[in-house]
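Visitor: Could you take me on a close look at one part of this structure? I'd like to start with a single residue and its surroundings, and then hear about the aromatic rings.

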Amino acid sequence: MSVGTTPGGTTPAATTPAGTTPESERDAEFQEHEKILSPDFLSVAQITEMLAEDVDGVQQKLKKFLNFKNLHTCLKEAILLDYYVSGFLWARGMQFSVIQYSKFMTLLDMLLHNLRTLHMSLEDSIKWLGEVMAEIGPSHSQKNEEWNVFNIKQANAVIDYLKISLFQHYKLYEFLFYSTREEIVIGTEQVLEVVKSSGGLFPDPLEEGISFDTYSTFIEPPPTLDTEMKGLDQEQGPDESQSEANTSDVDPLVGFTIKDIKAVLDQVTDDILIGIQTEINEKLQIQEEAFNARIEKLKKA
């Protein structure tokens, strides 16, 4: 009987048929082992393409492989692309083989799949990772040594990377998949009904359905000064306007001599100067009193 551990549970015990050879039993175990982290998240051809690209090229390739088309408007797609690109570039720094790239990227995808679809908690995801690493990582059994995808150093590095990349921000990824976010409206469409021309089948609409009093009081523009003067002139008649024109032409200084005008100007000037002189004297007196008060205080001190 043989019992094998798989991610998510234990395969039931199976009775080895009589007459089977060790080679056939080993092949069956190898096929069972190959099912772990299958199917691959990225094919060998896709991984080979990305290995020849720089950082921007890797991002463009993964964007194409994952069919992400709304990176500039969809926060979820942008976060997932950054998750996979960061993982691939980290694996490049570890100088993994193509098979190791394939298993590592599939491991990243399966962890997100368990979170998004199976609603795995952080504790369950860590347990699941431990079961997977027990299968694809280093084993104490010598017969499974050739099945190991990662050695001890690489397996520890993978676990440390997942600790700081996914597990440390597990709550944020749960919020990404489970919480509904308000959609920001960045554009809107409005339908405007255009009024048809006068030559159409329907008449033009009325301007406003309001009374004339309301229109003349609140909507009609107020009359200008020119129109008011014109209306006033029309009411006065030609005789009054003619008399006003005649009076406006008369010089107001008629009947006054130069001496009279000079005397009036001298009187006005004297009155202004006397007022200014009086104001200045009052201000000087106030300042003098203030200075005297300060001097008295200094003497007493």
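Guide: Happy to, and please keep in mind that this is a predicted model. Let's start at Ile276, which sits in helix α11, the helix that covers residues 258-300. Ile276 has a relative accessibility of 42%, so it counts as partly exposed. That fits with the company it keeps: Ile276 belongs to a nonpolar surface patch, together with Val264, Val268, Ile272, Leu273, Ile280 and Leu284. Together, the residues of this patch have about 620 Å² of accessible area.

Now to the rings. The structure holds 12 aromatic pairs. One of them joins Trp90 and Tyr161, a stacked pair with 4.7 Å from centre to centre and 20° between the planes. Trp90 is found in helix α4 (residues 75-93) and Tyr161 in helix α7 (residues 152-165), so this pair ties together parts that lie 71 residues apart in sequence. Tyr161 counts as buried because its relative accessibility is 10%, and the cut-off for buried is under 20%.

For another arrangement, look at Phe167 and Tyr170: their ring centres are 6.4 Å apart and their planes stand at 50°, so this pair is tilted. Phe167 counts as buried at 12% relative accessibility, and Tyr170 is buried as well, with a relative accessible area of 4%.

Finally, back to Trp90 and Tyr161, which are part of a cluster linked by ring pairs. The other members of that cluster are Phe88, Phe96, Tyr101, Phe104 and Phe150.

Conventions:
Residues are numbered from 1 along each chain as its sequence is written. This is a predicted model: local features need pLDDT of at least 70, side-chain atom pairs count only at pLDDT 80 or more; totals for chains, interfaces and linings use all residues. Side-chain values use heavy atoms; hydrogens and water are left out. Patches are made of residues with over 30% relative accessible area and no salt bridge: like charges are joined within 9 Å, nonpolar side chains (Val, Leu, Ile, Met, Phe, Trp, Tyr) within 5 Å. Accessible areas come from the Shrake-Rupley method with a 1.4 Å probe; for residues, only the protein chains shown count as cover. A salt bridge is a side-chain nitrogen of Lys or Arg within 4 Å of a carboxyl oxygen of Asp or Glu. Helices (H or I, at least four residues) and strands (E, at least two) are DSSP runs, numbered from the N terminus. Buried means under 20% relative accessible area, exposed over 50%, partly exposed in between (1.4 Å probe, protein chains only). Rings of Phe, Tyr and Trp (its six-membered ring) pair if their centres lie within 6.5 Å; planes under 30 degrees apart count as stacked, over 60 as edge-to-face and the rest as tilted.
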